[in-house]
Amino acid sequence: FRNNLSGIQYGVAEIMDYPVIYDDQMFFSYDLTSSIPVLCIHETENNPYLNALFMSDSIFQITNSYERQLDYSTLSTYPVIILDGLSHISSGLREELTKVIQQGGNLILFPSGRPEMDSYDSFFQTINSPAFGNPDTTFLRVDYIATESPVLAEMFDRRSDGSVILPEHADLPGVFFHFPVIRKNQSGIEELLSLQNGQPFLFSLPVGKGFVYVFTTPLDLTKTNFPKHLLFVPVLFQIALNSQHLQPIYYYSGMDDPIIFGKDSTSEKSLYKIRKNDSDFEMIPEKCQKNGHFCLFPHGQIQESGLYHIDNEYITMHGLGFNYHRNESDLTFETIQTLEEMLEKIHMNHYEILKDTPASLTTEIIRLQHGTPLWKLFLIISLTFFAFEIIAILLFRKRS
């Protein structure tokens with residue numbers, strides 16, 4: 001199906017499972033944004049490859065700005081910011097970018113071919129990132145892709161066992177110029193694409209609630225063929241799409257796990273309530289920050305499956321779907337010895353445990369209700385006696 005409107009979406013998946021009519025519905029909810037704003041900051045001119053990429057899909061809304069004309073107050077409105085070939089990262093831009101990233105923003109950095117290293121080093125030091133070394137002009141190809149990374153995992157087809165299907169001898173991007181990375185025991189860094197010499201082509205690192213994605217080569221055809229490579233579109237798209245915090249489409253009733261959101265822009269005194277759609281039920285969850293995310297804890301107070309929503313001062317913020325836990329379908333059996341001990345404890349003297357036999361369950365139940373039918377046995381005995389009688393008569397006639 002296709003959603004034609006943005007906003008909170010509610011849904012119910014239902015099966016007809018008569019006569020087992022219990023819990024045949026699955027409730028779910030998710031949010032759809034109309035577009036993802038992307039800000040590209042350039043030094044002298046717009047990048048044609050970034051324009052062609054983000055203008056080709058209506059889900060992205062790209063804004064180009066020159067560094068000298070940038071309005072710092074608007075940076076927080078963009079979940080994705082791209083630094084494209086800036087030779088100098090000013091102290092003011094460095095501070096504002098750091099604030100935005102720590103509050104949940106995402107930054108993609110393409111370096112300049114001739115960067116002012118002191119400004120880059122200051123920025124990398126501020127976000128605790130590895131710094132750039134002297135440029136390397138050796139031609140190298142990308143030879144490693146982090147296919148299991150949450151950022152890139154959705155790019156690839158997979159086999160039934162979950163392994164990624166990659167073509168043999170794939171033509172991966174090449175570089176004619178890149179900056180080696182100097183590591184200084186930074187933690188949380190993930191190499192998404194690596195070169196043949198073991199140096200990263202693209203790496204990411206968490207900064208507060210957000211992420212920074214650093215390319216080690218400029219977005220320039222004289223330095224790399226990446227802008228015209230097949231990987232260019234899915235890699236940039238996946239990074240931009242991952243800037244949106246994705247919530248589970250449903251939760252389990254009675255749970256004590258948190259409902260996690262990427263960002264809370266409301267005041268600390270704001271009161272949140274979880275209400276059930278088309279019902280008078282409401283509860284006030286615990287609100288807190290956990291691992292850089294805004295969380296609500298229902299503490300097991302939601303016991304009934306259905307569609308719910310989160311209100312903040314009578315404004316609906318998010319939709320929720322709650323379902324009964326799958327533990328109800330856990331087919332765990334007791335042993336015969338345990339069953340007998342349980343029956344003895346409650347003084348149950350007249351019982352019979354059906355053991356595994358070739359006969360069907362229906363046959364066993366009929367046997368218990370009506371007993372063992374003996375007519376077949378009597379018929380066989382009667383026929384046997386008739387046979388003996390006939391044989392005896394024939395023998396008697398021969399002798400006489």
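Me: What pLDDT does the protein chain average?
Reply: This is a predicted model. The protein chain averages a pLDDT of 86. At least 70 is the score for 91% of the residues.

Me: Which elements have the lowest and the highest mean pLDDT?
Reply: Helix 6, residues 361-370, has the lowest, at 68. Strand 6, residues 106-110, has the highest, at 95.

Me: And what does a low value mean for reading coordinates?
Reply: Where pLDDT is low, the predicted coordinates should not be read in detail.

Me: OK, sheets. What is the strand order in the nine-stranded one?
Reply: The order is 4-3-5-6-13-12-11-8-9. The sheet is open, and its pairing is mixed.

Me: Which strands stand at its edges?
Reply: Strand 4 (60-66) and strand 9 (174-175). Each has a single partner strand, so one side of each lacks a neighbour in the sheet.

Me: How do strand 8 and strand 11 run, parallel or antiparallel?
Reply: Antiparallel. Three bridges join strand 8 (residues 140-145) to strand 11 (residues 190-195).

Me: What stands opposite V142 there?
Reply: L195, in strand 11.

Me: What about the five-stranded sheet, open or closed?
Reply: Open, with mixed pairing. The strand order is 14-21-20-16-17. Strand 14 (251-252) and strand 17 (282-283) are the edge strands, and each pairs on one side only.

Me: How many bridges between strand 16 and strand 17?
Reply: Two. Strand 16 covers residues 272-276, and the pairing with strand 17 is antiparallel. R275 has E282 in strand 17 as its bridge partner.

Me: Switching to helices. At what angle do helix 2 and helix 3 pack?
Reply: About 25°, with their axes 10 Å apart. Angles under 35 degrees count as roughly parallel, so helix 2 is roughly parallel to helix 3. Helix 2 is residues 91-102, and helix 3 is residues 117-126.

Me: Is that crossing left-handed or right-handed?
Reply: Helix 2 passes helix 3 in a right-handed crossing.

Me: Which residues meet?
Reply: From helix 2, R94, L97 and T98. From helix 3, S122, F123 and T126. The contact residues divide into two nonpolar, three polar and one charged.

Me: Which strands does helix 2 lie across?
Reply: Strand 3 (36-42), strand 5 (80-84), strand 6, strand 12 (200-207) and strand 13 (210-215). Helix 2 runs at about 150° to strand 5.

Me: And helix 3, which strands does it lie across?
Reply: Strand 6 and strand 13. Helix 3 runs at about 150° to strand 6.

Me: Next pair. At roughly what angle do the axes of helix 1 and helix 4 cross?
Reply: Roughly 65°, and the axes come within 11 Å. That makes helix 1 roughly perpendicular to helix 4. Helix 1 is residues 48-55, and helix 4 is residues 232-241. The crossing of helix 1 and helix 4 is right-handed.

Me: Which residues make the contact?
Reply: Helix 1 brings Y49, L50, L53 and F54. Helix 4 brings F232, V233, L236, F237 and A240.

Me: How many of those are nonpolar, polar or charged?
Reply: Nine nonpolar, no polar and no charged residues make up the contact of helix 1 with helix 4.

Notes: Residues numbered from 1 in each chain as written. Predicted model: local features only at pLDDT ≥ 70, side-chain atom pairs only at ≥ 80, totals over all residues. Heavy atoms only, no water. Pairing = 2+ DSSP bridges. Helix = DSSP H or I, 4+ residues; strand = E, 2+ residues; numbered from the N terminus. Axes fitted to C-alpha atoms, helices over the stretch in contact; angles between N-to-C directions. Parallel < 35°, antiparallel > 145°, perpendicular 65-115°, else oblique. Left-handed = near helix turned anticlockwise from the far one by under 90°. Contact = heavy atoms within 4.5 Å. Nonpolar A, V, L, I, M, F, W, Y, C, P; charged D, E, K, R; others polar. pLDDT = per-residue confidence, 0-100.
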